[in-house]
Amino acid sequence: MSQFTAPPSPTHGSHPGGKAVTLQFSDNTLLPLLLGDHDRHMVRIEQALGVRLSCRGNRVAIAGEPGRVDAAQAALEGLWRRLERGESVGRSDVEAAIRLSDTETDPRLPLSDLPAIHTRRGAVGPRSGGQAGYMEALARYEMVFGIGPAGTGKTYLAVAQAVAMLQGGKVDRIVLCRPAVEAGERLGFLPGDMKEKVDPYLRPLYDALHDMMPADQVLRRMTNGEIEVAPLAFMRGRTLAHAYVILDEAQNTSAVQMKMVLTRMGEGTRMVITGDLTQIDLPAGVRSGLRDALETLEGVPGIGVVRLDKRDVVRHPLVARIVDAYEQREAAAGEQRREARHARGAESQGAREPQAGKEPQGGKDPQAGK
């Protein structure tokens with residue numbers, strides 16, 4: 001990989017109704033990797049950020065509203081730094097750069113000094129402002145609640161932090177825990193021993209583990225107990241010391257189960273609880289332990305609570321739009337319920353008030369007329 005001699009150098013100019021910036025890159029041979037095949041990366045940045053990009057030689061000109069231009073410049077410079085480090089730039093990297101640079105739509109983002117989780121397979125960095133805050137919480141707090149919709153990286157980043165701490169000798173083992181609750185269907189009897197019965201529910205955790213370390217190392221560490229699968233029902237009575245505990249899909253725990261898990265925490269232990277309160281699969285009438293814990297524990301010193309949202313969805317772009325559509329429908333349904341309650345309250349109040357001009361029943365003087 002060729003070494004770059006200098007970062008892109010911006011030159012500023014005026015643009016009617018907006019701002020224009022030209023970035024000059026130091027290596028023409030790698031500029032096509034930044035722009036993508038048929039300039040697809042450049043087109044995606046234009047579409048997402050509402051700017052106009054044009055490339056001539058080793059220069060890329062950006063024009064548009066000042067805030068949009070700054071975001072596009074930050075995205076291009078972030079992708080360029082990846083190329084400087086010898087890393088590839090693909091579609092997912094472009095989407096991440098757009099999210100990380102677009103502070104107008106995501107003001108949560110701390111642009112300077114972004115956190116990273118370092119494993120032996122490389123560094124894991126944030127792909128959105130919410131993920132940056134989540135990673136900072138994972139590094140800072142001994143207990144973290146990560147709440148958000150599917151695709152926001154709650155579980156993946158928790159596993160990355162667990163692997164980094166295990167490989168760094170800061171914990172002795174990783175404990176994976178997840179309630180065995182079917183998502184809207186009944187699977188019936190599952191054959192095999194306890195591990196084989198629980199494995200299907202823990203597959204997302206295993207997938208993340210295999211991204212962080214080789215498969216043979218995962219198997220070896222599971223065999224010697226450094227990585228443990230702990231069924232939720234069998235956690236009672238244990239004290240987990242010097243461990244990194246991940247409770248995934250915590251919205252499907254009961255309040256009693258949640259309290260039991262949280263109180264297993266021992267000396268030198270870190271605990272991460274992840275879940276999505278919009279996907280509760282508990283039987284009707286059973287209160288979610290995650291919701292109960294948040295209402296009880298939020299604000300307690302030493303506990304970090306991070307709420308991710310649709311802006312942090314890092315899967316296919318359609319996933320963010322799907323999450324948004326469901327949120328809008330739920331908001332509209334909630335407004336209809338509030339209006340219906342208000343209407344019923346008004347009708348009830350009207351029924352209790354005596355109608356004008358009518359004497360209340362039983363109000364006549366029995367002696368009247370005599």
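Select helix H4 to begin: 9 of the 11 residues of this helix are buried, so H4 is largely enclosed by the rest of the structure. The model on display is a predicted one.

**Stop 1: helix H4 and its neighbour H2**

Helix H4 covers residues 91-101. Colour its buried residues, which are Asp93, Val94, Glu95, Ala96, Ala97, Ile98, Arg99, Leu100 and Ser101. Next, add helix H2, residues 40-49, to the selection. The axes of H2 and H4 come within 10 Å and cross at roughly 30°. The crossing of H2 past H4 is right-handed.

Which residues of H2 and H4 meet? On the side of H2, show His41, Arg44, Ile45, Ala48 and Leu49; on the side of H4, show Arg91, Val94, Glu95, Ile98 and Ser101. Sorted by class, this contact of H2 with H4 consists of 5 nonpolar, 2 polar and 3 charged residues.

**Stop 2: helix H2 against helix H3**

Keep H2 in view, hide H4, and select helix H3, residues 66-84. Here the packing angle between H2 and H3 is about 150°, and the axes are 10 Å apart. H2 passes H3 in a crossing that is again right-handed.

From H2, display Ile45, Ala48 and Leu49, which meet Arg68, Ala71, Ala72, Leu76 and Leu79 of H3. The contact of H2 with H3 has 7 nonpolar residues, no polar ones and 1 charged one. Ile45, Ala48 and Leu49 deserve a second look, for these residues of H2 also take part in the contact with H4.

**Stop 3: an aromatic pair**

Remain with H3 and turn to the aromatic side chains. How many aromatic pairs does the count give? The count comes to 1 aromatic pair. Select Phe25 and Trp80: their rings form a tilted pair, 4.4 Å from centre to centre, with 50° between the planes. The word "tilted" applies because planes under 30 degrees apart would count as stacked and those over 60 as edge-to-face.

Phe25 lies in the loop between strand S2 (18-24) and helix H1 (31-35), whereas Trp80 belongs to helix H3, so the pair ties together parts that are 55 residues apart in sequence. Are these two residues buried or exposed? Phe25 is buried, with a relative accessible area of 1%, and Trp80 is buried too, with a value of 0%.

**Stop 4: helices H5 and H6**

Now select helix H5, residues 129-140, together with helix H6, residues 154-167. These two helices pack at an angle of about 35°, and their axes are 11 Å apart. H5 passes H6 in a right-handed crossing.

To see the contact, show Gln131, Tyr134, Met135, Leu138 and Ala139 of H5 with Lys154, Leu157, Ala158 and Gln161 of H6. By class, the residues of the contact of H5 with H6 divide into 6 nonpolar, 2 polar and 1 charged.

Follow H6 to Gln167, which is placed in this helix. Gln167 counts as buried, because its relative accessibility is 12% and the cut-off for buried is under 20%. What does Gln167 touch? Leaving aside residues up to four places away in sequence, Gln167 touches Thr119, Arg120, Met212, Met213, Gln217 and Arg221. Select His118 as well: Gln167 and His118 are 49 residues apart in sequence, and their C-alpha atoms are 9.6 Å apart in space.

**Stop 5: helix H9 and Met260**

Move to helix H9, residues 255-262. Its buried residues are Met258, Met260, Val261 and Leu262. Where do these buried residues pack? Display strand S7 (143-147), strand S10 (243-247), strand S11 (270-275) and helix H10 (289-297), against which the buried residues of H9 pack.

Centre the view on Met260, which is buried at a relative accessible area of 6%. Apart from residues up to four places away in sequence, Met260 touches Leu232, Met235 and Arg236. Met260 and Met235 are 25 residues apart along the chain, with 7.7 Å between their C-alpha atoms.

**Last stop: the whole chain**

Finally, show the entire chain, whose secondary structure comes to 11 helices and 12 strands. Of its 370 residues, 41% count as buried. Among contacts with a separation of 6 or more, 68% are between residues 24 or more positions apart. With a surface displayed, the chain exposes about 20300 Å², of which carbon and sulfur atoms supply 51%.

Methods:
Residues numbered from 1 in each chain as written. Predicted model: local features only at pLDDT ≥ 70, side-chain atom pairs only at ≥ 80, totals over all residues. Heavy atoms only, no water. Axes fitted to C-alpha atoms, helices over the stretch in contact; angles between N-to-C directions. Helix = DSSP H or I, 4+ residues; strand = E, 2+ residues; numbered from the N terminus. Left-handed = near helix turned anticlockwise from the far one by under 90°. Contact = heavy atoms within 4.5 Å. Nonpolar A, V, L, I, M, F, W, Y, C, P; charged D, E, K, R; others polar. Buried < 20%, exposed > 50% of the residue type's maximum accessible area, 1.4 Å probe, protein only. Areas by Shrake-Rupley, 256 points an atom, 1.4 Å probe, with all protein chains shown as cover. Phe/Tyr/Trp six-rings, centres within 6.5 Å; stacked < 30°, edge-to-face > 60°.
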